[in-house]
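Biologist: I would like to go through this structure with you, step by step. May I put some short questions to you as we look at it?

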Amino acid sequence: MNRKLIPATLLSLMMLLPLSVFAKGKSTDVRLSQAKQVGDTTLQPGTYHVTVIPASSGNSVSFSQNGKQVASVAGQSVQLSKKSPNTSVTLDNSGKVPRIAQIDFEGQQTAVGFNTGAATASAGE
């Protein structure tokens, strides 16, 4: 009986791992040198405070500027193959305005991704 319980428990814990990756939440500042789209919002050039808030169905990601929230979108946890050496933004350049596809957090092996379609890397944005 116990032998069957251990694999089932491990499987359950593994399934919860993506939910707990941002269990404490993450935040960082990103500087945008030109307009970028996130969700339905176009962010103008400037510095934004990005906060990832874990939720049972994914992550809620808020973008704030000068203490005011300017956008809130859903994001998915992305497991990286190694820790990110710096905070970086990956863009999807397929539209008129580049869309934010992913944000990597400095020193973390987890990023937050956004459904955008085809993404191309543009680190350091």
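Biologist: To begin with the surface, how much area does the chain expose, and what share of it do carbon and sulfur atoms supply?
Modeller: The exposed area is about 7,700 Å², and 54% of it comes from carbon and sulfur atoms. Please keep in mind that this is a predicted model.

Biologist: What is the average pLDDT, then?
Modeller: The average over the chain is 81, and 73% of the residues score at least 70. Over residues 1-5 the pLDDT is below 50, and this stretch has zero contacts in the model beyond near neighbours in sequence. Residues 118-124 also have a pLDDT below 50, but that stretch has 18 contacts beyond near neighbours in sequence. Where pLDDT is low, the predicted coordinates should not be read in detail.

Biologist: What does the secondary structure come to?
Modeller: There are one helix and nine strands. Along the sequence, the pattern is α-β-β-β-β-β-β-β-β-β.

Biologist: And how much of the chain counts as buried?
Modeller: The chain has 125 residues, of which 34% count as buried. As for contacts with a separation of 6 or more, 50% are between residues 24 or more positions apart.

Biologist: Which residues have the most contacts inside the largest nonpolar core?
Modeller: They are L43, V61, F63, I100, I103 and F114, in a core of 18 residues. At least two residues of this core come from each of β1 (26-32), β4 (46-55), β5, β6 (68-79), β7 (88-92) and β8 (99-104). The strand that gives the most is β4, with three residues.

Biologist: Let us take V61 from that list. What does V61 touch?
Modeller: Leaving aside residues up to four places away in sequence, V61 touches V50, T51, V52, A71, S72, V73, G75, V112 and F114.

Biologist: F114 appears again there. How many aromatic pairs does the structure hold?
Modeller: There is one aromatic pair. The ring centres of F63 and F114 are 6.3 Å apart and the planes lie at 45 degrees, so the pair is tilted. F63 is in strand β5 (residues 58-65) and F114 is in the segment after β9 (110-113), so that the pair links distant parts of the chain, 51 residues apart.

Biologist: Are those two residues buried or exposed?
Modeller: Both F63 and F114 are buried.

Biologist: What about S64, the residue after F63? Is S64 buried or exposed?
Modeller: S64 has a relative accessible area of 19%, and buried means under 20%, so S64 is buried. This residue lies in strand β5. Not counting residues up to four places away in sequence, S64 touches T47, Y48, H49, Q69 and V70.

Biologist: How are β4 and β5 paired?
Modeller: They pair in the antiparallel sense over seven bridges. β4 and β5 form a hairpin, with two residues between them. One of the bridges has I53 with S60 in β5 as its partner.

Biologist: Which way do β1 and β4 run, parallel or antiparallel?
Modeller: β1 and β4 run antiparallel and are joined by seven bridges. Across from K26 stands V52 in β4.

Biologist: Changing topic, where is N66?
Modeller: N66 is in the loop between β5 and β6. Its relative accessibility is 79%, and therefore N66 counts as exposed. The phi of N66 is near 55 degrees, which is a positive value in a residue other than glycine. Most residues other than glycine have a negative phi.

Biologist: And how many residues of β7 are buried?
Modeller: Five of the five residues of β7 are buried, so this strand is mostly covered. On one side are S88, T90 and D92, on the other V89 and L91, and both faces are covered.

Biologist: How many bridges join β7 to β8?
Modeller: Five bridges join these antiparallel strands. In this pairing, S88 stands opposite D104 in β8. The hairpin from β7 to β8 passes through six residues.

Biologist: One last residue: is T110 buried or exposed?
Modeller: T110 is buried, with a relative accessible area of 10%. This residue lies in strand β9. T110 and K82 are 28 residues apart in sequence, and their C-alpha atoms are 8.7 Å apart in space.

Methods
Residues are numbered from 1 along each chain as its sequence is written. This is a predicted model: local features need pLDDT of at least 70, side-chain atom pairs count only at pLDDT 80 or more; totals for chains, interfaces and linings use all residues. Side-chain values use heavy atoms; hydrogens and water are left out. Rings of Phe, Tyr and Trp (its six-membered ring) pair if their centres lie within 6.5 Å; planes under 30 degrees apart count as stacked, over 60 as edge-to-face and the rest as tilted. Helices (H or I, at least four residues) and strands (E, at least two) are DSSP runs, numbered from the N terminus. Buried means under 20% relative accessible area, exposed over 50%, partly exposed in between (1.4 Å probe, protein chains only). Contact means heavy atoms within 4.5 Å. A nonpolar core is a set of buried Ala, Val, Leu, Ile, Met, Phe, Trp, Tyr and Cys residues joined through side-chain atoms within 4.5 Å. Accessible areas come from the Shrake-Rupley method with a 1.4 Å probe; for residues, only the protein chains shown count as cover. Two strands pair if DSSP finds at least two bridges between them. pLDDT is the predictor's confidence in each residue, from 0 to 100.
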